[in-house]
Amino acid sequence: MATQHGNPMPNTVSIARTVSVHPKPTIQPPSKLLELSNLDRQCPALMYLVFFYTSPRRSSLGHVFDGLKSGLEETLNAWYPSAGRLRRDPKDGNKLNIRCNNEGAVMVEASTRVKIKELGELSEYTEFFENLVYKPPLADEDFSGMPLVVVQVTRFGCGGFSIGIGISHSLFDGPAAYNFLSAWSSNSAVSKEKKGIEVPLPVHDRGKLLFFTSQAQRDNPASGKKSPNQATTRATAIDHLYQLIMSTATDPNGSLSSTGCMRFVHKTFHLSGEALESLKKRCISEKKESFSCSSFEVVAAHIWKARTKALGIKKETMACLQFPVDVRNKMSLPLSRGFTGNAYVLASVMLTCKELEQSSYEGIARKIRAAKNSVNEEYVKAYIQALQGSQENNSLPPLKELTIVSDWTRMPFHRVDFLGEEAVYVSPLVPPVQQVACLMQNPRDNKGIDIRIGLFPHIVDAFSSYLTTLES
């Protein structure tokens with residue numbers, strides 16, 4: 001269950017030094033322009049994770065900081081776009097690309113007298129976590145010139161450490177960020193010895209996704225031109241989102257008008273391995289043939305039902321579930337295992353609230369699987385074309401009718417052992433789309449799942465009840 005507590009203490013974190021980190025001079029990375037795909041350009045903002053290590057260490061803050069800095073310098077040789085900067089290209093509609101110019105990442109050394117145990121349950125986000133990351137200044141949300149990787153190393157009064165890391169979403173998606181952090185931890189001089197973690201060599205070129213982006217620009221309806229290869233498949237997720245926005249925008253009592261200024265409450269819920277098995281049993285078909293569903297399918301169905309019920313949306317209203325799908329292996333020629341760009345598109349399921357309430361877990365899980373399986377190369381092409389002309393960092397409106405679930409369970413960030421040991425917890429900060437439900441591994445229960453979600457304040461109790469009693 002979610003832990004209830006407020007902000008435990010004021011900002012008591014002191015900054016000792018801020019340094020730029022560049023690739024080691026023994027190897028000079030190439031200076032080039034890395035063209036981005038439309039998938040990369042959707043969210044250039046920094047996405048933050050805070051790694052907590054509670055075991056007191058004899059090493060000084062300076063020793064830990066310098067060891068991590070040395071490892072980052074080595075890692076930036078192969079992951080050289082991380083030391084670059086976003087730049088707008090006036091020849092390409094002022095779109096963002098990455099100039100690989102080795103301007104460097106930014107590292108901050110900090111300390112606090114606060115003890116980690118004073119933060120309470122680390123799985124539960126508090127505003128104090130915002131003091132454990134470095135936030136570079138942005139002028140009018142202009143992301144050009146912003147460092148793409150920022151790090152803050154903070155020593156606590158108890159001897160534990162936090163490592164707060166921000167990475168631009170235009171640079172990496174989740175799996176690529178996990179590989180980057182794993183490579184960095186392997187190179188870090190803080191660990192007693194290099195463990196030889198197997199990380200695929202990074203491939204930064206956007207490949208076929210860039211081709212689809214260029215094709216989308218040529219096929220822009222505004223140009224009056226259409227190539228014979230233009231996708232005929234529709235991107236269902238884009239169509240569903242458009243339908244939701246149009247239906248709520250024309251309703252004076254719709255969710256756009258009633259939730260636009262509402263603050264979110266960020267809560268973490270734990271589903272144990274036993275609870276997951278109980279949910280899966282609901283997906284066993286009453287027919288002769290059995291249906292085996294994945295943990296993601298049944299948890300996504302459960303969150304969708306619980307959130308929609310907690311919101312009390314009218315039964316005739318359309319409700320939508322969307323979730324990211326990795327397209328690395330969805331292409332006719334699969335993307336490289338070491339592909340570092342954004343390789344996710346949204347899949348979508350839409351039902352009326354009455355249909356959702358009456359549907360079995362098996363029925364919803366089947367629809368989720370069908371939506372995932374519908375994502376193929378033609379879908380990816382259509383999705384990228386649908387994004388053409390959209391402005392970056394346009395966050396989704398806080399639609400009651402839209403539930404988004406993102407699966408992070410294949411990225412066990414707590415196992416990234418920067419200090420020679422696994423983190424006791426890794427907490428994401430508030431994401432640009434705050435209502436997303438993120439499914440994460442729990443370090444203390446490898447069979448269970450943590451759910452981090454942004455909720456409207458008035459539905460926290462109801463959602464908690466529906467989710468944790470498994471009655472939705």
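The axes of helix 7 and helix 11 come within 9 Å and cross at roughly 145°. This crossing of helix 7 and helix 11 is right-handed. The model in which it appears is a predicted one. On the side of helix 7, the residues taking part are H302, I303, A306, R307, K309 and A310, and in helix 11 they meet A462, F463, Y466 and L467.

Helix 11 itself spans residues 460-468, and within it V460, F463, S464 and L467 are buried. These four cover an arc of only 100° around the axis, which places them on the same side of helix 11. The elements against which the buried residues of helix 11 pack are strand 9 (265-271), helix 7 (295-311) and strand 15 (445-455). F463 and L467 thus belong to the buried set of helix 11 and also to the residues that meet helix 7.

Helix 7 has a further helical partner. With helix 9 (residues 361-373), helix 7 packs at an angle of about 115°, the axes being 9 Å apart. The two helices, 7 and 9, are therefore roughly perpendicular to each other. Here too the crossing is right-handed, as helix 7 passes helix 9. The residues of helix 7 involved are F296, E297, V298, A300, A301, H302, W304 and K305, which meet Y361, I364, A365, I368 and R369 in helix 9. H302 is listed among the residues of helix 7 that meet helix 9 and likewise among those that meet helix 11.

S295 is also placed in helix 7. With a relative accessible area of 25%, S295 is partly exposed. Not counting residues up to four places away in sequence, S295 touches L276, K280 and I449. One of these partners, K280, is engaged through its side chain, which makes a polar contact with the side chain of S295 at 3.1 Å. S295 can also be related to T409: the two residues are 114 apart along the chain, while their C-alpha atoms are separated by 9.9 Å.

A second helix pair is formed by helix 4 (residues 236-249) and helix 10 (residues 377-387), whose axes come within 8 Å and cross at roughly 45°. That angle makes helix 4 oblique to helix 10. T236, A237 and I238 in helix 4 meet Y379, Y383, A386 and L387 in helix 10.

L387 leads on to N38, since L387 is among the residues in contact with N38. N38 lies in the loop between strand 2 (32-34) and strand 3 (46-53). Despite this loop position, N38 is buried, with a relative accessible area of 2%. Leaving aside neighbours within four places in sequence, the contacts of N38 are K95, T213, A216, I384, L387 and Q388. For I384, a polar atom of the N38 side chain lies 3.0 Å from the backbone oxygen of I384.

Another asparagine in a loop is N102, found between strand 5 (95-100) and strand 6 (105-112). N102 has a positive phi of about 60° although it is not a glycine. The relative accessible area of N102 is 13%, so N102 is buried.

Two further buried residues lie within regular secondary structure. N77 is located in helix 1 (residues 61-78), and N77 is buried with a relative accessible area of 14%. The C-alpha atom of N77 is separated by 8.7 Å from that of H22, although N77 and H22 are 55 residues apart along the chain. S406 is situated in strand 12 (residues 402-407) and is buried, with a relative accessible area of 14%. Apart from neighbours within four places in sequence, S406 is in contact with P324, V436, A437, C438 and L439.

These local descriptions can be set against the protein as a whole. Its secondary structure comes to eleven helices and 15 strands. Of its 472 residues, 55% count as buried. Among contacts between residues at least 6 apart in sequence, 81% join residues at least 24 apart. The pair S295 and T409, 114 residues apart along the chain with C-alpha atoms separated by 9.9 Å, illustrates how positions distant in sequence can be related in space.

Definitions and conventions. Residues are numbered from 1 along each chain as its sequence is written. This is a predicted model: local features need pLDDT of at least 70, side-chain atom pairs count only at pLDDT 80 or more; totals for chains, interfaces and linings use all residues. Side-chain values use heavy atoms; hydrogens and water are left out. Buried means under 20% relative accessible area, exposed over 50%, partly exposed in between (1.4 Å probe, protein chains only). The arc is that of the directions from the helix axis to the C-beta atoms. Contact means heavy atoms within 4.5 Å. A polar contact is a pair of N or O atoms within 3.5 Å; within protein, one must be able to donate a hydrogen and the other to accept it, and residues adjacent in sequence count only if both atoms are side-chain atoms. Axes are lines fitted to C-alpha atoms, for helices over the stretch in contact, and angles run from 0 to 180 degrees between N-to-C directions. Angles under 35 degrees count as roughly parallel, over 145 as roughly antiparallel, 65 to 115 as roughly perpendicular and the rest as oblique. A crossing is left-handed if the near helix is turned anticlockwise from the far one by less than a right angle, and right-handed if clockwise.
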